[in-house]
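Please take a moment to look over the sequence and the model before reading on, and keep both in view as you go.

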Amino acid sequence: MYGFSKEYCQNISLLEYGLEIIGKFIFINLSHTPLKIEDQFSIFMLEDLKNLSKHIDTNFSTTKIHAKCNWKLIMEIVMDPLHIPFVHPSTISTKRPFVPPSSTIIHNKEFNYYRINELSYKTTTSLPHEDENWHPLVESYPSKGTYLEYYFFPNLHFIVPTGGFSFAYCAQFPQEYNLTTINYFYATAKRKVNHRIFPIVNIEAFGFGLRTFLEDVAMMENVQLSANSDLLTGNFGNYEMHIKAWRNFFRDFDYENSNETTLSSK
Ligand SMILES: [Fe+2]
């Protein structure tokens, strides 16, 4: 009745998107030709995510932050181990000892990728043993004594900050070249009992994590203010180097028109 042909009407349907469920996480791929999730993230990363998601409590805290800077600047600072004692002297530095990275890591700035899923990776740092009175009340993820970080390329930073007793992530969503919306999330490990201490634990830990993260945001907003000056010209950070290698990957390899998932030459 609106002038649409019968054939057109027969083919009308809702848009379909690629969807994968990994533990408690749902990945939606908006591409018309979505990558297989194993091509996007390694089996190792996906298995880890699946296992640790079993330990995340259903009570969580989340907020949105609007940062006046480019989303990649946020990724740069969270991936930079050197910034911690200088940007967070009164927050995370009081809990996590600073271990300077080796000179090999600092100088080894050239990345070459052969698979997209190599762009996502996990790091492990030792943590001092610190028992909180609520720790025995949760089913912790077995990472005692370590601070785990996962970088899910391109925009998700997932952390297990307290030896498996809690979880947090920040996801960057670019709005404009100098404006980013960040989803920040915190949850304890799964509660064994519904004790009245948990609302206090959540508020304190969420506040502490957010305070730490807002120190990163403030620093990068200042860097953004210098973005048009010569100061930033040619100064690629760790994350930008990954992005550069990723751009090279697509420059050298016609991914969408190929069934191959590897890069044949550097
Ligand atoms: Fe930071």
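The paragraphs below move from the chain as a whole to its sheet, and then to a helix that lies across that sheet.

What you see is a predicted model, so it helps to begin with the confidence attached to it. The mean pLDDT of the protein chain is 83, and 83% of its residues reach 70 or more. Over residues 260–266, however, pLDDT stays under 50, and the model has 11 contacts there beyond four places in sequence. Where pLDDT is low, the predicted coordinates should not be read in detail.

The protein chain has 8 helices and 10 strands, and of its 266 residues 22% count as buried. If we take the contacts between residues at least 6 apart in sequence, 67% of them join residues at least 24 apart.

Now turn to the sheet, which is open and built from 6 strands in the order S3-S9-S8-S7-S6-S4, with antiparallel pairing. Strand S3 (61–67) and strand S4 (121–126) form its edges, each pairing on one side only. From one strand to the next, the twist averages 15 degrees.

Starting from the S4 edge, we find that 6 bridges join S4 to strand S6 (residues 146–152), and that these two strands run antiparallel; here threonine 124 has leucine 148 in S6 as its bridge partner. Strand S6 is in turn joined by 5 bridges to strand S7 (residues 156–160), again in an antiparallel arrangement, and phenylalanine 152 is partnered by leucine 156 in S7. The connection between S6 and S7 is a hairpin of 3 residues. Further across the sheet, strand S8 (residues 166–176) and strand S9 (residues 179–188) run antiparallel and are joined by 10 bridges, among them one that pairs cysteine 170 with tyrosine 184 in S9.

Which strands does helix H7 lie across? Helix H7 (residues 197–225) lies across S3, S8 and S9, and runs at about 155 degrees to S9. With 29 residues, H7 reaches 42 Å from its first C-alpha to its last, close to the 42 Å expected at 1.5 Å a residue.

The buried residues of H7 are Val201, Ala205, Phe206, Gly209, Thr212, Phe213, Asp216, Val217 and Met220. To read such a list, recall that an α-helix has 3.6 residues a turn, so residues three or four places apart point the same way. The cover over the buried residues of H7 includes the strands S3, S8 and S9, together with helix H4 (71–78) and helix H5 (84–87).

Terms used
Residues are numbered from 1 along each chain as its sequence is written. This is a predicted model: local features need pLDDT of at least 70, side-chain atom pairs count only at pLDDT 80 or more; totals for chains, interfaces and linings use all residues. Two strands pair if DSSP finds at least two bridges between them. Helices (H or I, at least four residues) and strands (E, at least two) are DSSP runs, numbered from the N terminus. Axes are lines fitted to C-alpha atoms, for helices over the stretch in contact, and angles run from 0 to 180 degrees between N-to-C directions. Two residues are in contact if their C-beta atoms, placed from the backbone, lie within 7 Å. pLDDT is the predictor's confidence in each residue, from 0 to 100. A residue is buried if 20 or more other C-beta atoms lie within 10 Å of its own, exposed if 12 or fewer, and partly exposed in between; C-beta atoms are placed from the backbone. The expected span of a helix is 1.5 Å times one less than its number of residues.
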